[in-house]
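Thanks for coming, everyone. I'll put a structure up on the screen and then walk you through it piece by piece.

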Amino acid sequence: MHRYIESPKVFEFETQITEVKQVGELFHVTLAESYYFPEAGGQPADRGTINGMKIVQVIDQHPIVHVLEQNPGSASAKCIIDKAYRLENSRQHTGQHILSAVALSMFGADSSSFKIAEPYSTVELNKKLVREQLDALQLRVNEIILENIPVTSSVINDIENIPQTLRHSYNFVPLRLVQINDVDTCPCCGSHVLQTGELGQCFIFGVEPVKTGMI
Ligand SMILES: [Zn+2]
């Protein structure tokens, strides 16, 4: 498991650079320890700097690979994670869990993909929802936000311990589960808030047809 999972509030740290590899015009950097979130599961990679050099991508490998436009050197690393950007992505990701859970429970609409992007995030559903359904969906999501429900995570290490009540079935471990009380439990590698009240408000901007329906 990557370190951001157990230490989501670390936004500055110092460590050692273990390798710098030039790939074309970019530098692939690995660290003795990394708290950066790598791009995964529809959530973009963290932004930040290593020794003041801007990180342009973080790749989900073991160890995590940090891609920089400039060489940060080969000794110690002063690492800074863009806190505001991480927290915004955590809000978007947690909001998606709630929206996907409510869309499924209210209308049987399953989420097939999710992408955080600016200026808005998208959730692809396998069923088209009409305006009244979207209004009801948005209302229920905002009720759950106002209820300020705890968001917790746990890691399952034994296949026999994987709950049978997940939105989809999984048969591999370790499996990280993110739970929003009785609203939703699902496997996820992303970053999330600690209470739903941190989300503020959910607003559904519109629907774009893709295969069957998209918010
Ligand atoms: Zn998630």
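Before we start, one term: I'll call two strands paired if DSSP finds at least two bridges between them. Keep in mind, too, that this is a predicted model.

So here's a case of that pairing. Strand β7, residues 111-115, runs antiparallel to β8, and 4 bridges join the two. Look for Ser111: across from Ser111, in β8, stands Leu125. The two strands, β7 and β8, make a hairpin, with 6 residues between them. In that loop between β7 and β8 you'll find Pro119, and the peptide bond joining Glu118 and Pro119 is cis, with omega at about 10°.

Staying in β7 for a moment, that's also where Phe114 sits. Is Phe114 buried or exposed? The cut-off for buried is 20 or more other C-beta atoms within 10 Å. Phe114 has 20 C-beta neighbours inside 10 Å, so Phe114 counts as buried. Setting aside neighbours within four places in sequence, Phe114 is in contact with Gly42, Gln96 and Val123. Val130, on the other hand, is 16 residues from Phe114 along the chain, and their C-alpha atoms are separated by 20 Å.

Okay, let's zoom out. The chain splits into domain 1, which covers 3-81, and domain 2, which covers 85-214. Their centres, taken over C-alpha atoms, are 27 Å apart. Where the two meet, domain 1 puts in 12 residues and domain 2 puts in 13. On the domain 1 side of that contact, the residues are 7 nonpolar, 3 polar and 2 charged.

Now for what's packed inside. Nonpolar side chains in soluble globular proteins tend to be buried together. Here, the largest nonpolar core has 19 residues, and among those with the most contacts inside it are Ile98, Leu99, Val102, Leu125 and Val141. Which elements build this core, each supplying at least two residues? They are α2 at 83-107, β8 at 122-125, α3 at 131-146 and β10 at 175-180. The biggest giver is α2, with 5 residues.

If you want one residue to click on in there, try Val141. Leaving out its neighbours within four places in sequence, Val141 is in contact with Ile98, Leu99, Val102 and Cys202. There's a second, separate core as well, made of 16 residues, including Tyr4, Ile55, Ile64 and Cys79.

Since α2 keeps coming up, let's trace that helix from end to end. It has 25 residues, and from the first C-alpha of α2 to the last is 36 Å, close to the 36 Å expected at 1.5 Å a residue. Just after α2 comes Gly108, with a positive phi of about 65°.

Next, β10 and its partner. β10 and β11 run antiparallel, joined by 4 bridges, and Leu177 stands opposite Pro187 in β11. These strands form a hairpin too, with 3 residues between them. Asn181 lies in that loop between β10 and β11, and its phi is positive, about 40°, although Asn181 is not a glycine. How exposed is Asn181, and why? It has 13 other C-beta atoms within 10 Å, so Asn181 is partly exposed.

On the other side of β10, in the loop between β9 and β10, there's Pro174. Here we get another cis peptide bond, joining Val173 and Pro174, with omega at about -5°.

Let's finish with some strands lower in the numbering. Strand β2, residues 26-31, runs antiparallel to strand β5, residues 65-68, with 3 bridges joining them. What stands opposite His28 in β5? That's Val67. And Val67 is also the bridge partner of Gln57. That second link belongs to the pairing of β4 with β5, which is antiparallel over 4 bridges, and β4 and β5 form a hairpin with 5 residues between them.

One last stop: the loop between β3 and β4, where Asn51 lies. Asn51 has a positive phi of about 50° although it is not a glycine. With 17 C-beta neighbours inside 10 Å, Asn51 counts as partly exposed.

That's the tour. Happy to rotate to any of these spots if you'd like another look.

Terms used
Residues are numbered from 1 along each chain as its sequence is written. This is a predicted model: local features need pLDDT of at least 70, side-chain atom pairs count only at pLDDT 80 or more; totals for chains, interfaces and linings use all residues. Domain bounds come from an automatic or database domain assignment. Two residues are in contact if their C-beta atoms, placed from the backbone, lie within 7 Å. Ala, Val, Leu, Ile, Met, Phe, Trp, Tyr, Cys and Pro count as nonpolar, Asp, Glu, Lys and Arg as charged, and the others, Gly among them, as polar. A nonpolar core is a set of buried Ala, Val, Leu, Ile, Met, Phe, Trp, Tyr and Cys residues joined through C-beta atoms within 7 Å. A residue is buried if 20 or more other C-beta atoms lie within 10 Å of its own, exposed if 12 or fewer, and partly exposed in between; C-beta atoms are placed from the backbone. The expected span of a helix is 1.5 Å times one less than its number of residues.
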